[in-house]
Amino acid sequence: MPPKPASIYRNYQAGETIFKDGDPGDCAYLIERGQVSIHKHVQGEDVVMATFGKGEIFGEMAILDGLNRSAAARAIEDCQLMVIQREQLFDQLQKTPITHLLVKILLKRIRNTTDKLARVSGTAMTSSAPVFDSVIEAADQPAIDRIRLGSELQHALAHEEFRLHYQPIVDIQSRKVLGFEALIRWQSQNRGLVPPNVFIDLLEESSLIVPVGSWIQERAFTDLNRLKAHFGTELFMSLNISVRQLENSFFVEELNRHTAAHGLGPAEVKLEVTERILMDGQSGLALLADAKQKGYLISIDDFGTGYSNFQFLTKFGFDSLKVDRSLLRAAMLDPQMAVVLRGITGIAHGLSIDLIAEGIETEEELGLVRGLNVGMGQGYLFAKPLPFDELIKVYPKGGG
Ligand code: C2E
Ligand code: CA
Ligand code: CA
């Protein structure tokens, strides 16, 4: 085995001080060998607050909240310690800013309590006490904003502030409307009409996406029946389904309940999922297979933006594949990307998967996908996503 780099290890002899109360907290330690005690001076006496042994971490508080050490550490026996640099812990915490903020709040409380106890028992305040209030800094603002947004979204659900807009999906040759994609918006009192990219991630991170998803089904199926009546024809409704929704084992049951309540058949409902479902293990795929088996239509969304895993296409009986609009744009500009697009459409045709081109804005783009035998299209060229009331004004009764 190669020797361990010396710089990440520090050795201390029994009785040696590792850090003192009030020292700057530049790193934490993982105990590889030996025992360490943490202590504080209370009324002239040295009080041991904790002891740690092999495999335990200490000294992390000061690097998490950026304050000085609030107690001293000493080796009880000969020790080998691995140094954990501030940045290592920070990299992890930066990925989850809300956790970071909560950790800081917790540490602030612990330090405050320790400080009060020390004061009650008559000792001086800890060296770090005066800076407690600066713990929650401007850098935490994004995390605080997310917490606030999360609460506002709870409120939005309870107060029916979500809206659905519907964008037609048309037959590329005839431009006849075949169905609609339901796209969520939030009519917020403070923020106005908020697009989904601002809040979908947060809905998915919290479990709010499950009740919101349920509301979407209820609303979209009610409107599908009204649209069918208005257009006087069969139509399908496409719903965006997030990975998190497919973690809920009742997903298909609930879908069945909603469709049945509206007298709809499964073939009138299309579920749009992205390749992210592949990374979520088997449970989501199993639920999707169950939905497929019950007759719901399954579509791959955003194909050409992520991993574009072609094996995924063969594994599952997908009904349709949506070519992402970024791929369409790229194919218009770059002949090599046009070859890629042609390849994807060829594979889909070969696997009998219907194609939908999304984000068609110009006649030229329409010409390109028509030339590739793409069957369905969606985009501003045909119609923007619209609320039900406006949609029926744009499309005269009985036709699309
Ligand atoms: P998406 O599923 O890829 O939806 C298509 C997006 O492209 C929509 O953005 C739509 O308004 C936009 N779009 C349609 N035609 C055109 C066009 O011609 N040009 C351009 N530039 N854009 C076009 P939107 O409504 O802002 O939705 C963004 C994303 O938010 C959606 O992307 C979807 O991933 C997510 N989303 C929307 N509604 C829901 C929902 O109910 N549930 C879930 N889980 N996700 C949703
Ligand atoms: Ca979609
Ligand atoms: Ca898409």
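Me: Donors are N, O and S atoms within 2.8 Å of the metal (3.2 Å for Na, K and Ca), and water is not among the atoms, so sites may look incomplete. With that in mind, what makes D301 a bridge between the calcium ion (ligand 2) and the calcium ion (ligand 3)?

Reply: Residues are numbered from 1 along each chain as its sequence is written, while chains are lettered from A and ligands numbered from 1 in the order in which they are written. This is a predicted model, in which local features need pLDDT of at least 70, side-chain atom pairs count only at pLDDT 80 or more, and totals for chains, interfaces and linings use all residues; side-chain values use heavy atoms, with hydrogens and water left out. D301 is called a bridge here because it coordinates both ions, which lie 4.2 Å apart. The calcium ion (ligand 2) has E181 (OE), N240 (OD1), E272 (OE) and D301 (OD) as protein donors at 2.2 to 2.3 Å, and the calcium ion (ligand 3) is coordinated by D301 (OD), D302 (OD), E358 (OE) and E358 (OE) at 2.2 to 2.7 Å.

Me: Why can D301 and E358 be said to tie together parts of the chain?

Reply: Helices (H or I, at least four residues) and strands (E, at least two) are DSSP runs, numbered from the N terminus. D301 belongs to strand β14 (residues 297–303), whereas E358 sits in the loop between β16 (354–357) and α12 (363–371), so the pair links parts that are 57 residues apart in sequence. The donor spacing of the calcium ion (ligand 3) reads D-D-x55-E.

Me: How do you know whether D301, the donor in question, is buried or exposed?

Reply: Buried means under 20% relative accessible area, exposed over 50%, and partly exposed in between (1.4 Å probe, protein chains only). D301, at 6%, is therefore buried. E358, at 10% relative accessibility, also counts as buried, and so does E181 at 4%, whereas N240, with 32%, is partly exposed.

Me: What makes F310, I347 and L351 a nonpolar patch?

Reply: A patch consists of residues with over 30% relative accessible area and no salt bridge, where nonpolar side chains (Val, Leu, Ile, Met, Phe, Trp, Tyr) are joined within 5 Å and like charges within 9 Å. A salt bridge is a side-chain nitrogen of Lys or Arg within 4 Å of a carboxyl oxygen of Asp or Glu. F310, which lies in helix α9 (residues 310–315), has a relative accessible area of 36% and is partly exposed. Together, the three residues have about 220 Å² of accessible area (Shrake-Rupley method, 1.4 Å probe, only the protein chains shown counting as cover).

Me: Why are β2 and β5 described as standing at the edges?

Reply: Two strands pair if DSSP finds at least two bridges between them. The open sheet of four strands has the order β2-β7-β4-β5, with antiparallel pairing. β2 (17–19) and β5 (45–52) each have a single partner strand, so one side of each is left without a neighbour in the sheet. Strand β4 (residues 36–42) is joined to β5 by seven bridges and therefore meets the criterion for a pair; within β5, V48 is the bridge partner of H39.

Me: What makes the phi of R175 worth noting?

Reply: Phi of R175 is near 65°, a positive value in a residue other than glycine. R175 is in the loop between β9 (162–171) and β10 (177–188), and with a relative accessible area of 32% it is partly exposed. N373 likewise has a positive phi of about 65° although it is not a glycine, and at 55% relative accessibility N373 counts as exposed.
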